[in-house]
Amino acid sequence: HRILSSKNTAAPIDYELCAMICRLASAFQSFTVVDLRGVVQHASIQQYDTGQHVFKEGTPVDTLYFVLSGCVTTKCHHMWSSLFASEGSVASTTTFESGTFVGLAIQQGLSVHNNWATTSAPTTIMHFNIFTIRRR
């Protein structure tokens, strides 16, 4: 087995295991094992403590964040002005757990994140540069 290098951790992470976890996500279900191996070989893994930011509003959308373990909460502040209220705001939060991708910016076609992603527990995340994800 090949081992992925990981930041902030003493334990090496097996990329075969990461590929199997990715296979559970609907985005990767149509990928072959060979495709997944290629994707995971270009990924990096980072461990976060509770309360650390994964990305901030304005961060370029060039990386996918896949939660291997733990939990991430995104928070977006919506501002508006209208005829009836001079200003207003509301915050929406979404929780992403193991086996899910964090954020919706790519699906929404955004070039930068419009929210903040913060860990709500000790969390391990696999980072994929969107330009390295390819099928063979």
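When I say that two residues are in contact, or touch, I mean that they have heavy atoms within 4.5 Å of each other. With that in hand, I would like to begin at Val 61, which touches Ala 105, Ile 106, Leu 110, Ser 111, Val 112, His 113 and Ile 130, not counting residues up to four places away in sequence. Before going on, I should say that this is a predicted model, in which local features need pLDDT of at least 70 and side-chain atom pairs count only at pLDDT 80 or more, whereas totals for chains, interfaces and linings use all residues. Residues are numbered from 1 along each chain as its sequence is written, and side-chain values use heavy atoms, with hydrogens and water left out.

Let me set out the overall layout. The protein chain has two helices and ten strands, where helices (H or I, at least four residues) and strands (E, at least two) are DSSP runs, numbered from the N terminus. Read from the N terminus, the order of the elements is β-β-β-α-α-β-β-β-β-β-β-β. Of the 136 residues, 35% count as buried, and here buried means under 20% relative accessible area, exposed means over 50%, and partly exposed is in between, with a 1.4 Å probe and protein chains only. Among contacts with a separation of 6 or more, 74% are between residues 24 or more positions apart.

Val 61 itself sits in the loop between β5 and β6, and because its relative accessibility is 11%, it counts as buried. Its C-alpha is 9.8 Å from that of Asn 114, although the two are 53 residues apart in sequence. As for Asn 115, this residue lies in the loop between β8 (88-97) and β9 (116-119), and it too counts as buried, at 10% relative accessibility. Leaving out residues up to four places away in sequence, Asn 115 touches Phe 55, Lys 56, Glu 57, Thr 74, Lys 75 and Cys 76.

Now to the interior. A nonpolar core, as I use the term, is a set of buried Ala, Val, Leu, Ile, Met, Phe, Trp, Tyr and Cys residues joined through side-chain atoms within 4.5 Å. Which members of the largest core, with its 17 residues, touch the most other members? They are Cys 22, Phe 28, Phe 66, Phe 101, Met 126 and Phe 128. At least two residues of this core come from each of α1 (15-23), α2 (33-41), β6 (63-69) and β10 (123-129). A second core, separate from that one, has ten residues, including Tyr 48, Phe 55, Val 102 and Ile 125.

Phe 101 deserves a closer look: leaving aside neighbours within four places in sequence, it is in contact with Ala 25, Ala 27, Phe 28, Leu 64, Tyr 65, Phe 66, Phe 96 and Phe 128. Two of these partners, Ala 25 and Ala 27, lie in the loop between α1 and α2. Ala 25 is buried, at 5% relative accessibility, while Ala 27 is partly exposed, at 45%. The C-alpha atoms of Ala 25 and Ser 98 are 9.7 Å apart, across 73 residues of sequence, and those of Ala 27 and Thr 100, also 73 residues apart along the chain, are separated by 9.3 Å.

Turning to the aromatic rings, the count comes to two pairs, under a rule by which rings of Phe, Tyr and Trp (its six-membered ring) pair if their centres lie within 6.5 Å, with planes under 30 degrees apart called stacked, over 60 edge-to-face, and the rest tilted. The rings of Phe 55 and Tyr 65 have centres 5.2 Å apart and planes at 35 degrees, so this pair is tilted. Phe 55 lies in strand β5 (residues 53-55) and Tyr 65 in strand β6, so the pair ties together parts ten residues apart in sequence. Both residues are buried.

Finally, the largest pocket has a volume of about 190 Å³. A pocket here is an open set of points on a 1 Å grid over the protein atoms alone, where a 1.4 Å probe fits, with protein on both sides within 12 Å along at least five of seven lines, and lining residues have an atom within 4 Å of a point. Of the 16 lining residues, Leu 64, Phe 101, Gly 103, Ile 106 and Gln 107 are the closest to its centre. The lining divides into twelve nonpolar, four polar and no charged residues, with Gly counted among the polar ones.

How values were computed. Grid points are joined across faces, edges and corners, and a volume is the space filled by probe spheres set on the points.
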